[in-house]
Amino acid sequence: MSFRSMEEFWPFYMKQHSKPATRRWHFAGTLSSILCLIYAVLFNWWFVFLVPLVGYGMAWYSHFYVEGNIPATFGHPVWSLLCDYKMFGLMLTGQMDREIKRLGM
């Protein structure tokens, strides 16, 4: 599949994250990776190596063991990362449920 924009990719991305538990694992992974990055910048730069391990580790766990699919990152790494941050922002601001309804999921 080829996508020309994030708006085009977003519905596909959300179908790959249809279960609430998958989205919660992604939220935890993104938050943990952000915290690791902040810690790395402020205290110990070696923690920067944990940023992708923690973030992708939790997300990929959710795809393999909760959602039962292949992570979108494997085929579309840039769009997937951008959409992960969008999903994180929507969850952080309490707008994710509205977005799920908007997409008809």
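## A walk through the helices

Let's start in the middle of things: H1, helix H3 (50–67), H4 and H5 are among the elements that cover the buried residues of H2. Here buried means under 20% relative accessible area, exposed means over 50%, and partly exposed is anything in between, with a 1.4 Å probe and protein chains only. Helices are DSSP runs (H or I, at least four residues), as strands are runs of E with at least two, and they are numbered from the N terminus.

A few ground rules before we go on. This is a predicted model, in which local features need pLDDT of at least 70 and side-chain atom pairs count only at pLDDT 80 or more, while totals for chains, interfaces and linings use all residues. Residues are numbered from 1 along each chain as its sequence is written, and side-chain values use heavy atoms, with hydrogens and water left out.

Back to helix H2, which takes in residues 20–42. Its buried residues are Thr22, Arg23, His26, Gly29, Thr30, Ser33, Cys36 and Ala40. It helps to recall that an α-helix has 3.6 residues a turn, so residues three or four places apart point the same way. The length of H2 fits expectation too: the expected span is 1.5 Å times one less than the number of residues, so the 23 residues of H2 should span 33 Å, and the end C-alpha atoms are indeed 33 Å apart. Val41 also belongs to H2, but at 64% relative accessibility Val41 counts as exposed. Between Val41 and Pro71 there are 28 Å in space, C-alpha to C-alpha, for a separation of 30 residues in sequence.

Helix H3 can be checked in the same spirit. Its 18 residues should span 26 Å, and the end C-alpha atoms are 24 Å apart, which agrees. Val51, Gly55, Ala59, Ser62, His63 and Glu67 are the buried residues in H3, and the buried residues of H3 pack against H1 and H2. Just after H3 comes Gly68, with a positive phi of about 75°.

Now for the way H2 meets H4. Their axes are 10 Å apart and the packing angle is about 100°; axes are lines fitted to C-alpha atoms, for helices over the stretch in contact, and angles run from 0 to 180 degrees between N-to-C directions. That makes the two helices roughly perpendicular, on a scale where under 35 degrees is roughly parallel, over 145 roughly antiparallel, 65 to 115 roughly perpendicular and the rest oblique. From H2, the contact (heavy atoms within 4.5 Å) draws on Arg23, Arg24, His26, Phe27, Thr30, Leu31 and Ile34, and from H4 on Asp84, Tyr85, Met87, Phe88, Met91 and Leu92. These residues divide into 8 nonpolar, 2 polar and 3 charged, where Ala, Val, Leu, Ile, Met, Phe, Trp, Tyr, Cys and Pro count as nonpolar, Asp, Glu, Lys and Arg as charged, and the others, Gly among them, as polar.

H4 has a second crossing, with H1. The axes of H1 and H4 come within 10 Å and cross at roughly 70°, so this pair is roughly perpendicular as well. Met6, Phe9, Trp10, Tyr13 and Met14 of H1 meet Trp79, Ser80, Leu82, Cys83, Asp84, Lys86, Met87 and Leu90 of H4. The split here is 10 nonpolar, 1 polar and 2 charged.

This brings us to the core. The largest nonpolar core has 11 residues: Phe3, Phe9, Trp10, Tyr13, Met14, Ala72, Cys83, Met87, Leu90, Met96 and Ile100. Such a core is a set of buried Ala, Val, Leu, Ile, Met, Phe, Trp, Tyr and Cys residues joined through side-chain atoms within 4.5 Å. Helices H1 (6–15), H4 (77–92) and H5 (96–102) each supply at least two of its residues, and H1 gives the largest share, with 4.

Trp10 is a good place to look closer. Beyond its neighbours within four places in sequence, Trp10 is in contact with Cys83, Lys86, Met87, Leu90, Met96, Glu99, Arg102 and Leu103. Glu99 sits in helix H5 and, at 10% relative accessibility, counts as buried. With the same neighbours left aside, Glu99 is in contact with Trp10 and Leu90.

Finally, Phe12 of H1 counts as partly exposed at 22% relative accessibility. Not counting residues up to four places away in sequence, Phe12 touches Met1, Phe3, Ala72 and His76.
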